[in-house]
Amino acid sequence: MKAQCIIRGLGLKVPKKVVSNADLEKLVETSDEWIVTRTGIRTRCVANASETCSELALAAAGQALDQAGMAAEDLTHIVVGTFSADYVIPSAACVLEHKLGLKNRVALDVSAACSGFLYSVEVARGLIALHPESRVLVCASEILTSRTNWEDRSTCVLFGDGAGAAVLTADAPGLAGGRIIDLLLASDGSLGDLLSVKGGGSAAPYRLGDRVGEEFFAQMMGREVYKHAVRNMTAISQDLLARNRVHKDDLDVLLPHQANLRIIEAVGRKLDIPPEKVFVNVDRYGNTSAASVPLALTEARQTGFIKDGDLVLVTTFGGGFTWGAALIRF
Ligand code: ACO
């Protein structure tokens with residue numbers, strides 16, 4: 001198992017404001033008991049006006065660069081996975097490049113909803129394969145609450161804001177970090193309507209003076225999404241393990257996209273991985289879309305849940321639909 005690419009540093013940032021289920025009980029007809037039983041979520045962080053997508057990414061990037069022992073100037077590429085960039089134009093990556101004090105880098109956003117981090121890592125792997133001297137900053141940052149309908153109890157209890165970051169380079173002997181052994185991605189656009197944010201796109205444009213409608217916010221057929229998420233994260237994980245000849249007992253940690261505790265537990269059960277190996281922080285952050293995987297990876301490293309030498313299976317699923325899995329050796 002030869003890795004070509006290594007995560008040299010990881011970082012995270014979440015907004016200061018914490019919103020509890022009790023707070024949501026004041027907004028919509030719901031209860032702490034309903035939310036905890038159905039989703040496992042207890043709190044989520046909600047950004048204020050100054051905590052933008054690029055600001056959270058900037059803070060997470062700073063941590064990742066520190067851990068990598070690099071300065072911003074060392075970066076050659078900036079890739080941001082998000083669907084809630086500060087603006088339509090300029091991209092989150094260009095705004096971030098400017099905030100990092102950089103110019104003349106390659107900067108781009110990747111739109112793959114909750115799979116945005118793994119999709120961005122795959123872009124970084126391609127860049128590093130093409131230009132082995134690259135030092136790529138991959139951020140995943142979401143202000144999901146900017147696309148949350150606070151009157152829709154079936155979605156507003158699920159989402160939160162946050163960012164994660166990783167610095168990737170070509171692998172070399174003696175480097176510390178997470179070696180990306182393999183990564184597998186997939187998508188199915190025919191199911192896009194099951195989880196969408198359509199309003200304001202060029203197929204559903206707003207004109208001056210229009211009122212924002214429900215389609216401006218995340219809309220979801222929860223039960224259908226649940227089924228596809230469990231099925232696809234399980235299947236792609238099994239494919240990835242099989243093609244790398246890794247047995248499930250060789251895994252030290254399973255780190256799934258943090259959408260919902262029941263989805264996480266179901267994927268763990270289907271892969272036959274004991275609960276004590278499954279990383280969970282959805283209880284504190286809710287579903288932060290693309291940010292969820294790097295936020296979880298960073299926290300799992302910081303808390304020692306992922307130890308040096310551990311083999312980690314990451315799996316994700318999001319709107320599009322998009323999904324994927326990665327094997328990382330720390
Ligand atoms: N509080 C109280 N009741 C609620 C709430 C709420 N917040 N939300 C929905 N309900 C009600 C519904 O109105 C419904 O009532 P009814 O039977 O009178 O019509 C009842 O609860 C059951 O609703 P269901 O949607 O069938 O509940 P379900 O058991 O499926 O749980 C949930 C809903 C939690 C959304 C679940 O479907 C789910 O987890 N889906 C996956 C969603 C997800 O995580 N998506 C993200 C993955 S991809 C990505 O990250 C973008």
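This report covers the nonpolar cores and one buried acidic residue of a predicted model.

**Nonpolar cores**

The largest nonpolar core holds 42 residues. Leu251, Leu254, Ile263, Leu313, Phe317, Phe321 and Leu327 touch the most other members. Five elements are listed as giving two or more residues to this core: β8 (178-187), α7 (222-243), α8 (261-270), β12 (311-318) and β13 (322-329). Helix α7 gives the most, with seven residues. Domain 1 (6-175) and domain 2 (179-329) both contribute residues, so this core lies between them. In soluble globular proteins, nonpolar side chains tend to be buried together.

Phe317 shows what surrounds one of these members. Leaving aside neighbours within four places in sequence, Phe317 is in contact with residues including Cys114, Ser115, Val225, His228, Ala229, Asn232 and Met233. His257, Thr322 and Trp323 are also among its contacts.

A second, separate core has 34 residues. Val79, Tyr119, Ala140 and Leu183 are among them.

**Glu142**

Glu142 sits in strand β6 (residues 135-142). What is the nearest side chain of opposite charge to this buried residue? It is Arg147, 9.2 Å away, and Glu142 has no salt bridge. The side chain of Glu142 does have polar partners, as tabulated here.

| Partner of the Glu142 side chain | Distance |
|---|---|
| Phe83, backbone nitrogen | 3.1 Å |
| Ser289, side chain | 3.0 Å |

Both partners also appear among the contacts of Glu142 beyond four places in sequence. Others include Thr82, Ser84, Ala113, Asp161, Gly162, Thr288, Ala290 and Ala291.

How values were computed: Residues are numbered from 1 along each chain as its sequence is written. This is a predicted model: local features need pLDDT of at least 70, side-chain atom pairs count only at pLDDT 80 or more; totals for chains, interfaces and linings use all residues. Side-chain values use heavy atoms; hydrogens and water are left out. A nonpolar core is a set of buried Ala, Val, Leu, Ile, Met, Phe, Trp, Tyr and Cys residues joined through side-chain atoms within 4.5 Å. Buried means under 20% relative accessible area, exposed over 50%, partly exposed in between (1.4 Å probe, protein chains only). Helices (H or I, at least four residues) and strands (E, at least two) are DSSP runs, numbered from the N terminus. Domain bounds come from an automatic or database domain assignment. Contact means heavy atoms within 4.5 Å. Lys and Arg count as positive and Asp and Glu as negative; His and the chain ends are not counted. A salt bridge is a side-chain nitrogen of Lys or Arg within 4 Å of a carboxyl oxygen of Asp or Glu. A polar contact is a pair of N or O atoms within 3.5 Å; within protein, one must be able to donate a hydrogen and the other to accept it, and residues adjacent in sequence count only if both atoms are side-chain atoms.
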